[in-house]
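Me: I am new to reading structures, and I would like to go slowly through a single part rather than skim the whole. Could you take me through one residue and what surrounds it, explaining each term as it comes up?

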Amino acid sequence: METIAYNSEYGLDIFCHVPNGTCRLTVYDTCPSVMFLSTLVVNEKCRKQGIGTAILEEVDKIAQETGCDVISLQVENNTWMKDWYLRKGFIPVADGYDSNNVIMSKFVLKVQ
């Protein structure tokens, strides 16, 4: 799996290229303390191969390198994605833009 990260007009785009397709994560609002994630999409044919996990690992590395303390995202309540993010260490911290969504965050581990 090849992972490529680059800055775009929308923020930081992280792409993972795999045999069955390409997956993308866009990181918005990167600042010294909080990185907000948006648009994590893994094609259904590519799921359950560790691609989403690999993308989040890349995000962790970038957050460490840029000095971010927290990674946050918004996800729909009562979906398999919310459960997946819980397994990846994210916790609900606030209501989202409506009652169908929740903001989830996790602390960035600092590597010495």
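Me: What is the relative accessible area of Lys-88?

Reply: A word on the basis first. Residues are numbered from 1 along each chain as its sequence is written, and this is a predicted model, in which local features need pLDDT of at least 70 and side-chain atom pairs count only at pLDDT 80 or more, while totals for chains, interfaces and linings use all residues. Side-chain values use heavy atoms, with hydrogens and water left out.

Lys-88 has a relative accessible area of 28%, so it counts as partly exposed; here buried means under 20% relative accessible area, exposed means over 50%, and partly exposed is what falls in between, using a 1.4 Å probe and protein chains only. To place the residue, it helps to know that the protein chain has two helices and seven strands, which follow one another along the sequence as β-β-β-β-α-β-α-β-β. These elements are DSSP runs numbered from the N terminus, with helices being H or I over at least four residues and strands being E over at least two. Lys-88 sits in the loop between α2 and β6 (91–95).

Leaving aside residues up to four places away in sequence, Lys-88 touches Thr-53, Leu-56 and Lys-106, where a contact means heavy atoms within 4.5 Å. Between the C-alpha atoms of Lys-88 and Glu-57 there are 9.8 Å, although the two residues are 31 residues apart along the chain. Over the whole protein chain, 47% of the contacts between residues at least 6 apart in sequence join residues at least 24 apart.

After α2 comes Gly-89, which has a positive phi, near 100 degrees. Most residues other than glycine have a negative phi. Asn-78, in the loop between β5 and α2, is not a glycine and yet has a positive phi, near 55 degrees. Asn-78 counts as exposed because its relative accessibility is 77%.

Now look at the helix itself. Lys-82, Trp-84 and Tyr-85 of α2 are buried. Seen down the helix axis, the buried residues of α2 fall within an arc of 160 degrees, so they line one face of the helix; the arc is that of the directions from the helix axis to the C-beta atoms. An α-helix has 3.6 residues a turn, so residues three or four places apart point the same way.

Two of these buried residues also take part in aromatic pairs, of which a search of the whole structure finds two. Trp-84 and Tyr-85 form an edge-to-face pair, 5.1 Å centre to centre and with 70 degrees between the planes. Tyr-85 and Phe-90 form another edge-to-face pair, at 5.4 Å centre to centre and 80 degrees between the planes. For such pairs, rings of Phe, Tyr and Trp (its six-membered ring) must have centres within 6.5 Å, and planes under 30 degrees apart count as stacked, over 60 as edge-to-face and the rest as tilted. Together, Trp-84, Tyr-85 and Phe-90 make one aromatic cluster. Trp-84 is buried because its relative accessibility is 13%, Tyr-85 because its value is 6%, and Phe-90 because its relative accessible area is 1%. Of the 112 residues of the protein chain, 37% count as buried.

Trp-84 leads on to the largest pocket, whose space is about 500 Å³. A pocket is an open set of points on a 1 Å grid over the protein atoms alone, where a 1.4 Å probe fits and protein lies on both sides within 12 Å along at least five of seven lines, and lining residues have an atom within 4 Å of a point. Grid points are joined across faces, edges and corners, and the volume is the space filled by probe spheres set on them. The largest pocket is lined by 25 residues, with Leu-40, Val-42, Trp-80, Met-81 and Trp-84 lying nearest its centre. At least two lining residues come from each of β4 (34–41), α1 (51–66), β5 (70–76) and α2 (80–87). The lining divides into 14 nonpolar, seven polar and four charged residues, where Ala, Val, Leu, Ile, Met, Phe, Trp, Tyr, Cys and Pro count as nonpolar, Asp, Glu, Lys and Arg as charged, and the others, Gly among them, as polar.
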